[in-house]
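Here's a walk through a structure, taken one region at a time. Keep the viewer open and click along as you read.

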Amino acid sequence: MVSLRERAAAVAGTVRDPEMPMLTLADLGVLRDTEVDGEVVVVSITPTYSGCPAMATMRDDLVHRLTDAGFPRVEVRVVLSPAWSSDWITEHGRAELRAAGLSAPGPAKKGPVGLTLSPTRRALTCPRCGSARTEVISEFGATACKALYRCVDCFEPFDHVKEI
Amino acid sequence: MNHDSVYDGLLGGDSSQWAFGTDFEDPLAGVDTTVPAGVDGGELAAYCLMLGDDTLVLSQRLAEWCSRAPELEEDIALANMALDLLGQARLLLARAAAADPAVVPVLPAGSPVPAEDALAFFREAGQFRNVRLAEVVNGDFAHVVVRLLLFSIARLAVLQRLSGSGDAVLAAVAAKGVKELTYHRDWAGRWFLTLAQGTEESRKRLVSALEQLWPLRDELVTAHPVELSLAAAGVGVDPAGVRDETDAVLDQVLAVAEVDRPQRAPLAGIGGRTGRDGMHTEALSRMLAEMQVVARAHPSGRW
Ligand SMILES: [Zn+2]
């Protein structure tokens, strides 16, 4: 017998990120917890970036999806700590990113942050042709969470999800 | 389908696909905003306004660059950094309002404007607590590079310490901000080098921007009594305590760029009062006039 909480968590787990719709909020690591308190479903999410404009959409999508699935009352809570890390993107999520032509993040840096005056070095492979020869165009891409790269061999530009 | 309006086709009769206008989104929904024991709510609010106004005002200045940067990539970079800072401002202003609701301007009864928006759009220049570096009018590309470098070096050092704050909300906002400011500082540092080592013209402009903004730097590492009081309570950070660290990082950039540290004295306050006391340059009121005009015309507006 599937519990109410498991059913609610399964529904919440299907909601996708509005900016990277190949990922569910669960794959992105933004969906932290789903609880059922009486007749209220309480969903906890953590923003990827402080100014992430997709937060409002995520909240609304969660409320609508759960309401449509028969949960009359849904509360979405923000969890600020610990801060979201790209390390929380699941293996399944990373595979989905690559399948969609994006480059998945490497491990996030930990500990004290030093100034880096030369371009960030990342061992990336082109999501299109698999070449390891890539160059960064900009550390700030189409959204706050992406950097823009170019493949030196096939010349195609691609998005890389940044390590934070 | 009605082809008179492009939006009709998008809507498809189901307004639930629209995220906005359905409900107000509280950026601190579900977050415990209890003021820590032994801390004065009014002081905590004032402190949050100082940090939040810095990022709000600087964010607005960066947003003014939108569509004006020399390259599309840098346009997007500036917009992304503006968005990070705006996000931090939103959380900090919301935290200020939760710590002391008395700081929030009073709007007409029934106004749907949330507290952090009321703080952003319905305060006068004299009620803003940002450092003056954040508010001065934009110049050329070298100017924004130098402004961001000076700001992000100091702010990153403060946020690293603030992530251990006794106030859980401030600690969380700071820990998040560290990750973001690291990217901002690297961006500014790399462009500083690029311009310094570029052409004669780019170097000239860089040095000129540094000379121009240098007197405003001191305010970033000078403590206000509220900062000292909260630092003593384990909730805030004394910015004077990060002076050596910010000097060291800046010297690292200046050395590689082979640019001399300017000798200009700090910009004096008026009667000892500076941005942290609400004493600003003329630039802030002009900037706010544009930023606030629509919100003020519709204090009960729904967006
Ligand atoms: Zn390729």
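What follows starts with one chain, moves to the contact between the chains, and ends with rings, cysteines and backbone oddities.

Keep in mind from the start that this is a predicted model. Let's begin with chain A, which has four helices and six strands. Follow the sequence and you'll meet them in the order α-α-β-β-α-β-α-β-β-β. The C-alpha atoms of this chain fill a box of roughly 55 × 35 × 25 Å along the principal axes. Chain A is split into domain 1 (4–78) and domain 2 (103–161), and the centres of these two domains, taken over C-alpha atoms, are 29 Å apart. Of the 164 residues in chain A, 50% are buried. If you look at contacts in chain A between residues at least 6 apart in sequence, 53% of them join residues at least 24 apart.

For a look inside chain A, pick A:L66. You'll find A:L66 in helix α3 (residues 55–68) of chain A. Its relative accessibility is 0%, so A:L66 counts as buried. What does A:L66 touch, once residues up to four places away in sequence are set aside? The answer is A:A8, A:V11, A:A12, A:V41, A:V43, A:F71 and A:V74. A:R7 is worth displaying too: A:R7 and A:L66 are 59 residues apart along the chain, yet 9.8 Å separates their C-alpha atoms.

Now bring chain B into view. The size of an interface is often given as the accessible area lost when the parts come together. Between chain A and chain B that buried area is about 3,400 Å², with carbon and sulfur atoms giving 61% of it. On the chain A side, A:L115, A:L117 and A:F140 lose the most area to chain B, and together they make up 23% of what that side buries. In terms of residues, the contact takes 40 from chain A and 43 from chain B.

A good residue to click on here is B:R190, in helix α6 of chain B. Is B:R190 buried or exposed? At 14% relative accessibility it falls under the 20% cut-off, so B:R190 counts as buried. Leaving out neighbours within four places in sequence, B:R190 is in contact with A:T116, A:L117, A:S118, A:P119, A:T120 and A:E139. Another link across the chains involves B:K176, whose charged end sits over the ring of A:Y49, 6.0 Å from the ring centre. Within chain B, the charged end of B:R123 sits over the ring of B:F128, 4.1 Å from its centre.

On to the aromatic rings. Over all chains there are five aromatic pairs. One of them joins A:Y149 and A:F158, with centres 5.8 Å apart and planes at 25 degrees, so this pair is stacked. A:Y149 and A:F158 are both buried. Another is B:F141 with B:W187: here the centres are 5.9 Å apart and the planes stand at 85 degrees, which means the pair is edge-to-face. B:F141 belongs to helix α5 (residues 141–162) of chain B and B:W187 to helix α6 (residues 168–196), so the pair ties together parts 46 residues apart in sequence. B:F141 and B:W187 are both buried as well. Zoom out a little and you'll see that ring pairs link B:W65, B:F141, B:W187 and B:W191 into a cluster.

What about cysteines? A disulfide is a covalent bond between the sulfur atoms of two cysteines. The count of disulfides over all chains is zero. In chain A, A:C129 is partly exposed at a relative accessible area of 41%, and A:C154 is partly exposed at 28%.

Last stop, the backbone. Most residues other than glycine have a negative phi, and most peptide bonds are trans. The bond from A:S81 to A:P82 is cis, with omega near 0 degrees, and A:P82 is in the loop between β3 (73–78) and α4 (91–99) of chain A. A:F155 isn't a glycine but has a positive phi of about 70 degrees. Look for A:F155 in the loop between β5 (146–151) and β6 (157–161) of chain A, where it is exposed at 62% relative accessible area. Chain B offers B:S67, with a positive phi near 80 degrees. B:S67 is in the loop between α2 (41–63) and α3 (72–99) of chain B, and its relative accessible area of 65% makes it exposed.

Terms used: Residues numbered from 1 in each chain as written. Chains lettered and ligands numbered in written order. Predicted model: local features only at pLDDT ≥ 70, side-chain atom pairs only at ≥ 80, totals over all residues. Heavy atoms only, no water. Phe/Tyr/Trp six-rings, centres within 6.5 Å; stacked < 30°, edge-to-face > 60°. Buried < 20%, exposed > 50% of the residue type's maximum accessible area, 1.4 Å probe, protein only. Helix = DSSP H or I, 4+ residues; strand = E, 2+ residues; numbered from the N terminus. Lys NZ or Arg CZ within 6 Å of the ring centre and 35° of its normal. Domains from an automatic or database assignment. Disulfide = S-S within 2.5 Å. Contact = heavy atoms within 4.5 Å. Buried area = accessible area lost by both parts, 1.4 Å probe.
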